[in-house]
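Please open the structure in a viewer and keep the selection panel at hand. The tour proceeds selection by selection.

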Amino acid sequence: MKYYYQLQCRRIYRSFKDFGTEPFIGYPLIIFAFCWISSSFFDKVVYANYIYVAVGFALTYAFVSSEHIKFIKQHFSRVNYYKIIVFNNLLKVTPFAMFLVYKMYFIESLSLYLLAFFVSFTNKKSKISIIIPTPFGRRPPDFVIGFRKTFWLFLLIYGLTFVTVYRDNFNLGIFSLVSVFFVCCSYYLKPDVEFYVWVHAMNSKEFLKHKILIAFQNSFILALPIFIVLSIFYLDQVHITLFFLCIGFLYMMMFLLMRYSFRNEGMEMFQGIIGVLCLLFPPIMLITIPYFYNKAINNLDLLLK
Amino acid sequence: MIYIKTLYKSYGSNKVLNDINLTFGRGEIHGVVGENGAGKTTLFRAISGMENFKGTVEYTEGKIKDSIGFLPTDPYFLSKITGKEYLQLLCNARNIKTHDFEEKNLFDLPLHKYAETYSTGMKKKLALTGILLQKNDVFVLDEPFNGVDIHSNTIINQVLTKLKELNKIVILSSHIFSTLHETCDYLHYLKNGSIAKSVDKAQFEIIEKEMQPSGIGVKIDKLNL
């Protein structure tokens with residue numbers, strides 16, 4: 001068990017190194033960020049103490065890898081297995097529990113520990129195998145995967161469109177339209193797997209054109225209900241709706257090109273920063289889109305010669 | 001025909017492939033054997049165009065990348081993609097119009113289920129089905145029999161025979177000599193990144209003997225089992 005925890009420490013250390021950060025800088029930064037976010041949370045959210053317990057517990061549970069649990073179960077005795085699982089869960093909720101103590105919420109802190117303790121004796125299912133139907137099955141994989149992971153967000157977004165009409169708030173409608181493209185852009189955050197690029201009988205330009213066309217068609221399918229509602233109820237402002245639709249397409253194209261511009265993982269943060277800048281000032285895309293296009297072509301040429 | 005001429009590959013100072021010269025003809029099945037780490041996968045990736053290298057891989061029929069079906073040792077499947085969608089993706093990539101995947105489901109796989117939940121053997125069979133549906137002319141199969149059940153092994157053998165009849169070029173690797181005997185016309189022994197020996201069917205046993213580990217008994221004794 002001692003060696004198991006030594007290995008865990010080494011893994012964390014290596015994660016910092018792989019990320020390009022020295023651990024002695026990374027640790028204090030993470031602690032500072034955690035305290036700052038928690039403090040802001042308590043300042044701005046009503047019933048923060050209860051929600052904080054829920055968030056802490058949910059995050060802890062989400063970070064439990066069923067494969068890791070399987071590994072421990074396989075290699076340790078039953079007693080040691082439970083010792084490790086319980087200790088791991090208690091350790092994970094400790095930052096949240098400590099912050100609750102700092103805020104004088106002792107009962108909530110204790111509740112969090114109890115939740116973490118009892119969840120150690122439940123089984124987490126390794127893979128959810130419910131097949132969520134998508135309208136994109138003919139042209140996999142990006143939208144098929146993305147839609148299955150984010151379909152619940154579309155229920156919320158379409159709900160917002162309903163509120164738009166109900167409350168007569170056109171801006172809210174535009175927000176829901178932009179949200180569709182935001183969600184779709186997230187499908188292009190992770191780099192494509194080498195094999196799934198290589199397998200295409202296309203050159204780099206054809207490949208990008210093919211990908212962009214699919215992205216446009218599929219995102220339009222998802223944005224169409226909102227576009228129709230806004231066009232019917234706010235016909236006099238249809239030019240604004242069309243403008244944001246075009247911005248959405250450009251935004252998508254930029255994210256897609258960024259995906260093929262960076263060959264390594266861990267660039268999500270950088271892509272996010274570029275995304276926020278372009279959202280605040282869309283004309284930047286006139287520079288970023290051609291730049292990322294050329295960079296993507298250079299990268300793809302290595303596989304699609 | 002595929003002509004591999006003076007192919008070299010290295011990662012930094014680590015030489016992985018060294019002066020490889022091979023010829024693969026139509027209607028021939030070639031086996032590549034070697035110990036783990038000998039460079040088989042790197043050679044396959046170089047032939048497929050997934051790896052940069054020094055030297056040439058010449059394909060007389062056109063662009064090799066667009067005619068090659070590559071079966072990796074451990075096929076990677078994207079999450080939340082069903083078996084059918086995987087096959088659709090592979091067909092779309094080569095502009096093949098196929099819709100009835102159930103009819104072409106050679107191994108009776110549960111195509112409506114997520115591919116990531118498949119067993120090791122099922123994943124291999126799905127990946128193989130995918131490259132067969134692509135109507136490729138060249139097949140590079142990295143350990144196609146690995147993790148696959150006996151019944152499917154028989155099917156794969158029959159598929160290989162069919163590919164040979166159809167005049168396709170097949171290059172495969174395997175650690176099971178009995179299957180190599182059954183399927184291959186030629187065998188190439190890759191040792192430390194170089195082709196140590198290339199033989200035809202009549203001489204397979206020479207390579208088999210050469211690959212027999214020597215002094216392994218002493219090593220096992222050292223484990224104190």
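The stops below take chain A, then the sheet of chain B, and lastly the contact of the two chains. Please bear in mind throughout that this is a predicted model.

**Chain A as a whole**

Begin by selecting chain A and displaying it as a cartoon. The selection shows 13 helices and 0 strands, so that the pattern read along the sequence is α-α-α-α-α-α-α-α-α-α-α-α-α. The C-alpha trace of chain A spans about 65 × 55 × 40 Å along its principal axes. Of the 305 residues in chain A, 26% are buried. Where contacts of chain A join residues at least 6 apart in sequence, 71% of them link residues at least 24 apart.

**The domains of chain A**

Next, colour residues 2–119 of chain A, which the domain assignment gives as domain 1, and then residues 142–301, given as domain 2. The C-alpha centres of domain 1 and domain 2 of chain A are 34 Å apart.

**The sheet of chain B**

Hide chain A and turn to chain B. Here 6 strands make up an open sheet with mixed pairing, in the order β5-β6-β7-β3-β8-β9. Why does one side of β5 and of β9 in chain B lack a neighbour in the sheet? Select residues 68–71 for β5 and 194–200 for β9: these strands of chain B stand at the edges with a single partner strand each, and therefore one side of each has no neighbour in the sheet. From one strand to the next, the twist averages 15 degrees.

Now select residues 138–142 and 169–173 of chain B, the strands β6 and β7, which pair in the parallel sense over 5 bridges. Displaying side chains in this pair shows B:Val138 opposite B:Ile169 of β7(B).

**Helices against the sheet**

Add residues 40–48 of chain B, helix α1, which packs on the sheet. Helix α1 of chain B touches β3 (29–33), β5, β6, β7 and β8 (186–191), and its direction makes about 155 degrees with that of β6(B).

Then select residues 120–133 of chain B, helix α3, which lies across β5 and β6 of chain B. Relative to β5(B), helix α3 of chain B runs at about 180 degrees.

**Where the chains touch**

Finally, restore chain A and select the residues in contact between the chains. How many residues does each chain bring to the contact? Chain B supplies 24 residues and chain A supplies 21. Coloured by class, the side of chain B that touches chain A has 9 nonpolar, 8 polar and 7 charged residues.

Methods
Residues are numbered from 1 along each chain as its sequence is written. Chains are lettered from A and ligands numbered from 1 in the order in which they are written. This is a predicted model: local features need pLDDT of at least 70, side-chain atom pairs count only at pLDDT 80 or more; totals for chains, interfaces and linings use all residues. Domain bounds come from an automatic or database domain assignment. Two strands pair if DSSP finds at least two bridges between them. Helices (H or I, at least four residues) and strands (E, at least two) are DSSP runs, numbered from the N terminus. Axes are lines fitted to C-alpha atoms, for helices over the stretch in contact, and angles run from 0 to 180 degrees between N-to-C directions. Two residues are in contact if their C-beta atoms, placed from the backbone, lie within 7 Å. Ala, Val, Leu, Ile, Met, Phe, Trp, Tyr, Cys and Pro count as nonpolar, Asp, Glu, Lys and Arg as charged, and the others, Gly among them, as polar. A residue is buried if 20 or more other C-beta atoms lie within 10 Å of its own, exposed if 12 or fewer, and partly exposed in between; C-beta atoms are placed from the backbone.
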